[in-house]
Amino acid sequence: MKHIEIIIGSQMGGAEYTAEQMEQKLTAKGWSVNLHETPQLDAMSTKNVIWLVCTSTHGAGDLPDNIQPFYDELDAQSPDLSELEYSVLCIGDSSYDTYCGAGTTMDQKLAELGAKQITEMAAIDVMEHPLPEEFALEWLDSWIKKASQ
């Protein structure tokens, strides 16, 4: 099994709580996992590892404050991520035009830098799923099967 780096983008705490629940489930299933509440590019490996980005969307489709510097590092340094696998799980509200904009931004940047997508971005609509962690944990079951291949 590859090591998993869970990269959290959370403005109000919902994505952080969801990421913590996913970390507990992955650890219980034998995966090695690190949580990054203030992610920094130089603190994470890009080889033989999976980045699982769990972010909410803030404002008008913006990245949460805690993950914006990480995105800026990726943008400025343009590292070669061709040996990296990743998935993005985004929490948003579909009543906004910028629904899951932060997740889309992260997904596009990682793909642009050569990372290999394990699954398409998963979007959790809080209008349909007021407890996003429940949806995330169900989604995680199918994600684990794909990540294990």
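In the predicted model, methionine 22 is buried, its relative accessible area being 0%, and the residue has its place in helix 1. Apart from residues up to four places away in sequence, the contacts of methionine 22 comprise Leu52, Cys54, Leu89, Ala136, Leu137, Trp139 and Leu140. Of these partners, Ala136, Leu137, Trp139 and Leu140 belong to the part of helix 4 that meets helix 1, whereas Leu52 lies in strand 3, which spans residues 49-56, and Leu89 lies in strand 4, which spans residues 85-92. Serine 82, by contrast, stands 60 residues from methionine 22 along the chain, and the C-alpha atoms of the two residues are separated by 25 Å.

The packing of helix 1 (residues 14-28) against helix 4 (residues 132-147) is described by an angle of about 40° and by axes that lie 9 Å apart. At this angle, helix 1 and helix 4 are therefore oblique to each other, and helix 1 passes helix 4 in a right-handed crossing. On the side of helix 1, the contact involves Tyr17, Thr18, Gln21, Met22, Lys25 and Leu26, which meet Pro132, Glu133, Ala136, Leu137, Trp139, Leu140, Asp141, Trp143 and Ile144 of helix 4. Sorted by class, the residues in the contact of helix 1 with helix 4 are ten nonpolar, two polar and three charged. Methionine 22, one of the residues that helix 1 brings to this contact, is thus placed at the packing of the two helices while being buried, with 0% relative accessible area.

A second helix pair is formed by helix 2 (residues 68-77) and helix 3 (residues 101-112), which pack at an angle of about 25° with their axes 11 Å apart. Because angles under 35 degrees count as roughly parallel, helix 2 and helix 3 are assigned to that category. The crossing in which helix 2 passes helix 3 is left-handed, and the residues making the contact are Phe70, Tyr71, Leu74 and Asp75 from helix 2 together with Thr105, Met106, Lys109 and Leu110 from helix 3. These residues divide into five nonpolar, one polar and two charged.

With regard to the cysteines, a search of the whole structure finds zero disulfides. For cysteine 54, the nearest cysteine sulfur is that of cysteine 90, at 8.5 Å, and cysteine 54 is in no disulfide. Cysteine 54, which is also among the residues touched by methionine 22, is buried, with a relative accessible area of 0%. Cysteine 100 is likewise in no disulfide, and its nearest cysteine sulfur, again that of cysteine 90, is 3.7 Å away. Since a disulfide requires a pair of cysteine sulfur atoms within 2.5 Å, the separation of 3.7 Å does not qualify. Cysteine 100 is buried, with a relative accessible area of 1%.

Backbone conformation was examined at two loop positions. Asparagine 48, although not a glycine, has a positive phi of about 55°, and it is found in the loop between strand 2 (33-36) and strand 3 (49-56). With a relative accessibility of 56%, asparagine 48 counts as exposed. Serine 78, also a residue other than glycine, has a positive phi near 45° and lies in the loop that runs between helix 2 and strand 4 (85-92). The relative accessible area of serine 78 is 45%, and the residue is partly exposed.

How values were computed: Residues numbered from 1 in each chain as written. Predicted model: local features only at pLDDT ≥ 70, side-chain atom pairs only at ≥ 80, totals over all residues. Heavy atoms only, no water. Axes fitted to C-alpha atoms, helices over the stretch in contact; angles between N-to-C directions. Helix = DSSP H or I, 4+ residues; strand = E, 2+ residues; numbered from the N terminus. Parallel < 35°, antiparallel > 145°, perpendicular 65-115°, else oblique. Left-handed = near helix turned anticlockwise from the far one by under 90°. Contact = heavy atoms within 4.5 Å. Nonpolar A, V, L, I, M, F, W, Y, C, P; charged D, E, K, R; others polar. Buried < 20%, exposed > 50% of the residue type's maximum accessible area, 1.4 Å probe, protein only.
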